[in-house]
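Reader: I should like to learn how the features of a structural model are read. Could you begin with the terms and then turn to the case at hand?

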Amino acid sequence: MSSSEAKEMVSAAILATIPKKKVAAYQKALGALVIDLSLLHFLLERYFWTLTGNDEVSGGILTRNLTFAGLLEKMEEIAKHRIRDVAQLKTLVSILRDTAKLNEERNGLVHALWVIDDNEPVFCLRRKKGKPDEVAPAPENIDELVQKVLDVTIEFIDYKKRIPSGFDEALKGLLGLGAK
């Protein structure tokens with residue numbers, strides 16, 4: 001191999017590791033989607049522990065292998081059993097259902113096969129659909145989904161703030177767990 005061929009190979013290898021502008025935009029948007037929905041998952045999981053009367057250790061054991069979709073489903077069922085305030089229940093169920101839709105959309109995008117080249121149209125094959133999107137979502141479309149996740153997260157935080165301040169302790173007391 002000549003010196004010029006070796007330099008070409010090294011240059012090609014280096015260039016291949018540098019994210020292109022379009023690839024970087026998709027990575028940023030998909031990464032934000034994963035990170036932001038993970039925060040909502042974390043918050044809802046901890047609230048699920050409260051609804052079920054569990055402490056951190058017991059709650060962690062209960063939810064350790066539960067998918068996010070499974071958590072949302074179980075949380076809605078338990079909320080309907082435990083929350084007597086109709087307005088409060090309606091708000092929580094709405095949050096859970098919105099979250100389930102966002103999680104499904106996130107899964108479709110994150111687990112898709114993406115082929116991204118700055119000089120070609122983006123190829124996106126969502127596994128559940130089994131066929132490529134006619135037009136792949138743009139990073140801006142994914143950013144809109146991220147904003148919806150943030151909106152639901154804020155809605156959940158506001159929901160928690162409106163619950164009477166002693167709700168968590170009162171629920172634990174009713175379940176015989178006492179304050180820890």
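Author: A residue is called buried when its relative accessible area is under 20%. Please note that the model shown here is predicted.

Reader: Is Tyr47 buried or exposed?

Author: Tyr47 has a relative accessible area of 1%, so it is buried. Phe156, at 2% relative accessibility, also counts as buried.

Reader: How should a pair of aromatic rings be described?

Author: Two quantities serve: the distance of the centres and the angle of the planes. The whole structure contains four aromatic pairs. One of them joins Tyr26 and Trp114, whose ring centres are 5.2 Å apart. Their planes stand at 50 degrees, and the pair is therefore tilted.

Reader: Where in the chain do Tyr26 and Trp114 lie?

Author: Tyr26 belongs to helix 2 and Trp114 to strand 1; with their positions 88 residues apart, the pair links distant parts of the chain. Tyr26 is buried, at a relative accessible area of 4%, and Trp114 counts as buried at 17%.

Reader: What geometry do the rings of Tyr47 and Phe156 have?

Author: Their centres are 5.6 Å apart and their planes meet at 70 degrees; planes over 60 degrees apart count as edge-to-face, so this pair is edge-to-face. Here too distant parts of the chain are linked, since Tyr47 lies in helix 2 and Phe156 in helix 6 (residues 139–162), 109 residues apart. Ring pairs bring Tyr47, Phe156 and Tyr159 together in a cluster.

Reader: How is the pairing of strands to be read?

Author: Strands of a sheet pair through backbone hydrogen bonds, in a parallel or an antiparallel sense. In this model three strands form an open antiparallel sheet, in the order 1-2-3. Strand 1 (113–115) and strand 3 (131–132) are the edge strands, each pairing on one side only. Three antiparallel bridges join strand 1 to strand 2 (residues 123–126).

Reader: Which residue of strand 2 is the bridge partner of Trp114?

Author: The partner is Cys124.

Reader: At what angle do helix 2 and helix 5 pack?

Author: Helix 2 (residues 21–51) and helix 5 (residues 86–110) pack at about 145 degrees, and their axes are 11 Å apart. The crossing is left-handed. Residues in the contact include Leu37, Leu44 and Tyr47 of helix 2 and Leu96, Asn103 and Arg106 of helix 5. By class, the contact comprises 13 nonpolar, two polar and one charged residues.

Note on methods
Residues numbered from 1 in each chain as written. Predicted model: local features only at pLDDT ≥ 70, side-chain atom pairs only at ≥ 80, totals over all residues. Heavy atoms only, no water. Axes fitted to C-alpha atoms, helices over the stretch in contact; angles between N-to-C directions. Helix = DSSP H or I, 4+ residues; strand = E, 2+ residues; numbered from the N terminus. Left-handed = near helix turned anticlockwise from the far one by under 90°. Contact = heavy atoms within 4.5 Å. Nonpolar A, V, L, I, M, F, W, Y, C, P; charged D, E, K, R; others polar. Pairing = 2+ DSSP bridges. Phe/Tyr/Trp six-rings, centres within 6.5 Å; stacked < 30°, edge-to-face > 60°. Buried < 20%, exposed > 50% of the residue type's maximum accessible area, 1.4 Å probe, protein only.
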